[in-house]
Amino acid sequence: MAMIRVLSLVLSVLSSVTLLWTQSGECNNGRRSADAVDTDFSGFSVPLEHSFEVDDVPRFRLRGALQFRGGREQGVYLSQNQLSEKDRNTLKDVAAVDGLYRIRVPRVSLQVDRQTEKQSEGYLTTFVRACSLVESHLSDVITLHTDVSGCVVGISIVTIPGSCRGIEVEDEVDLEVFNTTISVVAPVTAPVPETAPYIERMEQEMEKKGKNPQEQKSFFAKYWMYIVPLVLFLMMSGAQDQSGGGAGGGAANGGGR
Amino acid sequence: MAWLVVRLAISVSLFYTASAVFEDQVGKFDWRQQFIGKVRFALFDTHSQASKKLLVATDKNVFASLNSRTGDLFWRHVDKTGPEGHIDALLMYGQDAVVVAGNGRLLRSWETTVGGLKWETVLDTGSFQAAALVGVQDFVKYVAVLKKSAISLHDLSSGSQIWVENLPDSDTVQYQTIYSGGNGLVFVFGVVPNSHIVIVEYKIEDGEIMNKKSVEAAWMSSLESSCTVISSGILLCVDQITQSLYTLLLQSAEQTEMRQIHLQTLDLEVASGFQPVLTSTQPNPAQPPLSEFFLQLSPDHHILLQLKDGLIVPLRDFNPSYLAAFATSGERTVAAVMSPKNDTACSINLFSADTGRRHLDTTIIYHMDPNGGKPNRLYVHAFLKKDDSVGYRVMVQTEDLTLTFLQQPGRVVWMREEALADVVTMEMIDLPFTGTQAELEGEFGKKAAIQDGLLPMVLKRLSSQFILLQAWLAHLWKLFYDARKPRSSVKNEVNIDTLSRDEFNLQKMMVMVTASGKLFGIDSKSGTILWKQYLENIEPNSVFKLIVQRTTAHFPHPPQCTLLIKNKDTGLGNLYVFNPIFGKKSQISVPALPRPVLQTLLLPVIDQDYAKVLLLIDDQYKVTTFPSTKNILQQLQDTASSIFFYLVDSSQGKLSGFRLRKDLSTELIWEVVIPTEVQKIVAVKGKRANEHVHSQGRVMGDRSVLYKYLNPNLLAVITESTDTHHERSFVGIFLIDGVTGRIVHEAVQRKAKGPVHFVHSENWVVYVYWNSKFRRNEFSVLELFEGAELYNSTVFSSLDRPHPPQVLQQSYIFPAPISTLEATLTEKGITSRHLLVGLPSGNILSLPKMFLDPRRPEVVSEQSREENLIPYAPEMPIRDEWFINYNQTVSRVRGIHTAPSGLESTCLVVAYGLDIYQTRVFPSKQFDVLKDDYDYVLISSVLFGLFFATMISKRLAEVKLLNRAWR
């Protein structure tokens with residue numbers, strides 16, 4: 001709990017500086033290697049790897065395979081293995097020392113026509129705290145984010161629930177099978193200023209105005225029949241008061257009477 | 001009816017947000033300072049004796065006239081930035097100033113008294129080489145402009161082109177300078193490097209080539225730096241390698257090679273590695289130049305020489321001397337020479353040019369600022385005194401862009417700090433308490449309470465109360481004393497010793513870092529420069545990072561700022577630690593940074609001296625801490641697993657996250673790669689560390705609460721597409737959690753282009769882009785909400801927030817281009833936010849955030865009215881009363897800095913660019929301040945009246961009761 005509190009304080013990350021990555025970083029689309037003839041047009045698969053070590057040095061092992069269904073709807077399925085007895089124990093040990101559970105996927109493009117099979121020139125990695133994975137009984141949500149061209153740019157993993165309360169997971173069976181929800185998220189198209197509906201609405205207002213002149217009459221035009229008698233009444237009562245005073249105004253009113 | 005409601009809602013909302021200054025508030029809490037930049041050309045108006053004009057042209061493409069008595073601007077013209085507005089040459093004759101701008105694109109003539117444009121001519125294309133005034137028979141009539149391949153002559157009074165001629169062999173010969181001595185000819189000098197010089201003579205009337213000759217000069221590489229024309233048409237050149245002077249009579253047919261004069265014969269020697277410089281003077285463009293000239297042999301050695309009967313005679317040797325310049329008044333030409341006097345001062349003396357004799361009583365002592373740079377330019381204004389002797393004033397420009405105007409015997413008439421024309425970054429620091437306030441603070445300090453017993457504490461309390469009483473009495477006495485004096489003399493000078501925090505913390509210290517490497521401490525109330533410090537060995541225009549490690553709140557520890565700078569020689573980072581109030585360099589030892597620094601990180605972890613810890617990450621991902629005491633290292637070890645940071649490599653499109661390990665090494669924990677062939681990262685911004693959000697959510701029309709997604713670790717990453725075609729270009733927005741690397745939201749603005757300006761604050765991001773389809777600027781706002789329920793209401797952790805936020809977005813048309821964008825900031829975040837938009841016109845618009853709300857409804861409903869939402873309109877209004885700087889425009893506004901004050905309603909704003917403007921804004925009006933015209937008399941008289949009325953009526957009631965009892 002204390003750690004979480006500190007966390008919220010942390011990360012006051014400042015300027016962005018760039019330097020020194022010699023490795024070329026591009027999405028491996030459009031480049032087929034010589035032996036990539038087995039491209040399946042109905043889809044393809046990439047490995048999903050994970051790593052959890054007590055000493056916190058990443059050693060990635062295969063967790064499962066992501067099956068992409070090409071075409072319009074970018075469907076994705078994850079076929080994954082059960083955790084072995086040894087892995088379960090390691091995971092519990094890692095959780096006990098508050099280590100990290102990391103996953104990674106190679107950088108691929110999801111568009112079938114551009115797709116080549118995986119290459120080892122770059123991975124996208126992310127992590128979740130091992131304890132939260134254990135406490136959520138291996139139920140995690142993995143999201144792959146793509147850019148406009150369909151190239152995977154990032155991966156994220158969360159567990160539900162995401163907290164670490166220190167609950168002991170007794171049942172070994174709970175840590176055998178992953179209960180994973182996986183999805184691919186493409187960027188949302190941001191809205192532009194909506195001029196057309198606005199103008200339409202304005203026009204409707206104008207039309208309404210034209211059709212129903214009664215509605216748009218001014219306050220005085222609507223209620224003149226009440227206002228005029230009221231004013232007359234007030235004037236008369238005023239004149240009565242003043243008539244005794246003998247002022248010029250009073251005389252004039254008197255003439256009116 | 002609905003329309004009426006709509007209009008009503010708009011007008012009501014405007015009523016709440018309208019804010020402008022009243023006429024009598026002008027200048028009350030705002031100020032503006034105008035700058036010009038680094039002076040490249042400066043000319044004194046010698047047309048009349050009484051003239052106060054000083055014309056300057058600067059590297060910021062500014063052409064201005066200064067009052068030489070006060071240093072104020074008479075007028076200023078700001079041209080376009082970049083090479084388009086670059087001022088190539090400035091010439092003055094009489095009342096006219098001729099300017100060549102935009103690499104020889106435009107020739108303009110200005111009237112110098114009011115700064116009006118007399119005429120403007122567009123010149124032919126071709127890169128500019130030189131310009132000169134051309135006179136015929138003692139009368140200057142023309143201006144000649146030399147381009148790479150052509151020369152043109154223009155009439156000085158109308159700008160019309162007299163003739164234009166192509167230069168012969170311009171593809172092999174580099175034509176560089178131009179000369180005219182008033183004899184009806186214009187000479188153009190060109191050089192073929194390391195081969196020969198070409199001299200072409202043109203007739204002024206029609207541009208006919210009268211003569212063309214080439215002279216052998218195998219040693220010459222460039223004319224401009226090593227040659228000049230002296231006497232009646234003698235070309236004089238100097239060469240460092242052969243250690244010789246060369247002369248050539250221009251109008252003689254028989255001389256076909258240059259005459260060599262060894263410097264040895266004059267007992268002179270050029271310092272090794274120094275390019276010698278020749279300076280001659282031509283007081284009147286219609287007459288030939290003088291036969292005297294300066295030869296600079298080393299950075300601090302000048303010699304005045306004369307050419308007499310074909311012989312070069314030394315007139316006076318100035319060793320040592322920093323700067324030398326000629327000046328003419330009437331018929332007399334003088335030379336001013338600046339020589340070092342001692343470590344802190346220089347003396348400037350006047351010498352007669354034709355004899356080299358020193359004028360008596362002409363010494364000006366120039367005191368060098370110990371915190372400033374060395375003088376590097378000297379401009380002399382000579383004038384004839386009543387007794388016919390020559391008097392003079394000088395303007396000295398130093399490395400740190402200070403202009404100092406001096407007159408005899410060394411009085412500084414005025415000073416301008418032109419480094420402030422290029423502010424890179426700034427911070428606003430609270431001023432310290434006065435001694436008495438600090439005393440009180442100290443009394444209740446933790447340490448004191450532990451050390452002292454009960455009795456000393458009581459005594460201490462009594463003594464501090466006594467001090468307070470004393471201070472209050474002194475204050476009263478001062479008030480009484482000031483009240484008797486006339487109002488004008490009361491205005492007390494701001495002084496570094498009298499600086500103290502005011503009641504509402506409205507006065508602060510502005511620490512400004514400029515591109516030239518000079519730091520300034522400026523009082524925010526008056527704009528007075530309180531301290532300045534020039535940092536040498538800094539690469540100009542490099543990235544600076546200013547970090548406030550300790551604020552003023554930790555008395556008796558002084559506040560501490562750290563500046564990360566780049567060394568000019570090594571290119572490595574360097575820490576400069578200083579006290580932001582007094583500008584003094586701190587004595588704290590700083591860690592050496594042997595490797596380039598990629599990222600800096602200020603942690604909330606503090607050491608026993610209350611300084612926050614600064615982490616510096618180098619290119620091998622090693623972490624250096626500053627300060628690095630044992631206590632700090634211990635604390636860092638304890639919290640290492642929760643310290644995360646990120647790095648951005650925009651050339652690879654890579655964002656990566658790291659975590660600190662216990663041994664202060666780092667480990668890579670996440671990576672996001674945005675392919676660079678599709679889009680490139682242009683900017684990454686987190687949230688400001690000192691930002692407070694008061695309300696966790698928004699109350700909806702149906703009384704439910706929509707909770708904000710307030711992730712302090714969220715980064716807004718803006719990308720631009722590499723494809724710039726107007727149909728396919730786009731701007732990408734990624735919201736990434738800086739701890740886990742999770743992409744929280746990803747959006748694409750299609751048919752959009754940069755430059756993108758954006759603000760990231762609270763739970764929203766506002767960005768501005770150029771819509772390439774409709775060709776207009778558009779605003780877009782993204783707001784993030786958790787929904788109707790908070791996942792964990794007590795604390796936010798990036799590691800435990802599994803549900804993605806709801807994202808709402810809306811866009812609007814903004815009918816003006818934008819230079820910069822910033823959001824207001826207040827102490828507790830209760831006040832509503834405004835966006836401060838810097839416009840290229842120099843205005844600063846305070847735009848209510850209310851107008852940038854993605855929940856603005858299309859159709860008005862009962863609930864949206866309840867929430868006070870403005871109905872959606874695609875176009876953003878701009879109202880004149882929203883301009884916070886009324887007519888005080890800020891030229892080329894580049895940044896806006898906002899800082900909270902002690903009053904919740906008030907936000908301090910500093911806009912900087914070429915000018916600096918400081919003001920206060922009140923986004924929700926001054927709800928916590930009584931108005932200036934608040935009627936104290938009325939309210940107190942009503943109060944007292946009511947009080948007495950109660951007393952009297954009570955008495956009357958008693959009497960009545962008594963009477964009734966007797967009855």
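Here are four short exercises, with worked solutions, on a predicted model of chains A and B.

**Exercise 1. Work out how much area is buried between chain A and chain B, and how many residues of each chain are in contact.**

Start with the residue lists: 69 residues of chain A are in contact with 81 residues of chain B. Next comes the area. The size of an interface is often given as the accessible area lost when the parts come together. Here the area buried between chain A and chain B comes to about 6500 Å², with carbon and sulfur atoms giving 58% of it.

**Exercise 2. Find the polar links across the interface, then say which parts of chain A touch chain B.**

First, look for salt bridges: the rule finds 2 across the interface of chain A and chain B. Arg102(A) and Glu667(B) form a salt bridge through their side chains, at 2.7 Å from N to O. Then widen the search to polar contacts, and 16 residue pairs turn up, both residues at pLDDT 80 or more. Now map the chain A side. Elements that each supply at least two residues to it include helix 1 (2-9), strand 4 (100-106) and helix 4 (195-211) of chain A. Sort that side by class and you get 36 nonpolar, 22 polar and 11 charged residues. Finally, check the strands: strand 9 of chain A runs parallel to strand 52 (residues 743-750) of chain B, and 2 bridges join them. In that pairing, Val188(A) sits opposite Ala747(B).

**Exercise 3. Decide whether the two faces of strand 50 of chain B are covered or open, and find the strand's partners.**

Count first: 8 of the 8 residues in strand 50 (714-721) of chain B are buried. In a regular strand the side chains alternate between the two faces of the sheet. So split the residues by face: Leu714(B), Ala716(B), Ile718(B) and Glu720(B) are on one side, Leu715(B), Val717(B), Thr719(B) and Ser721(B) on the other, and all are buried. Then look at the partners. Strand 47 (679-685) of chain B pairs antiparallel with strand 50 over 6 bridges, and Gln679(B) has Ser721(B) as its bridge partner. Strand 51 (730-737) of chain B also pairs antiparallel with strand 50, over 7 bridges; there, Thr719(B) stands opposite Gly732(B).

**Exercise 4. Is Ser51(B) buried or exposed, and what does its side chain reach?**

Locate Ser51(B): the loop between strand 2 (39-44) and strand 3 (53-58) of chain B. Its relative accessibility is 7%, so Ser51(B) counts as buried, the cut-off being under 20%. Now follow the side chain of Ser51(B): a polar contact with the side chain of Asp45(B) at 2.9 Å, plus the backbone nitrogen of Lys53(B) at 3.3 Å. Beyond neighbours within four places in sequence, Ser51(B) is in contact with Asp45(B) and Arg69(B).

Conventions
Residues numbered from 1 in each chain as written. Chains lettered and ligands numbered in written order. Predicted model: local features only at pLDDT ≥ 70, side-chain atom pairs only at ≥ 80, totals over all residues. Heavy atoms only, no water. Contact = heavy atoms within 4.5 Å. Buried area = accessible area lost by both parts, 1.4 Å probe. Salt bridge = Lys/Arg side-chain N within 4 Å of Asp/Glu carboxyl O. Polar contact = N/O pair within 3.5 Å; in protein donor to acceptor, adjacent residues only side chain to side chain. Helix = DSSP H or I, 4+ residues; strand = E, 2+ residues; numbered from the N terminus. Nonpolar A, V, L, I, M, F, W, Y, C, P; charged D, E, K, R; others polar. Pairing = 2+ DSSP bridges. Buried < 20%, exposed > 50% of the residue type's maximum accessible area, 1.4 Å probe, protein only.
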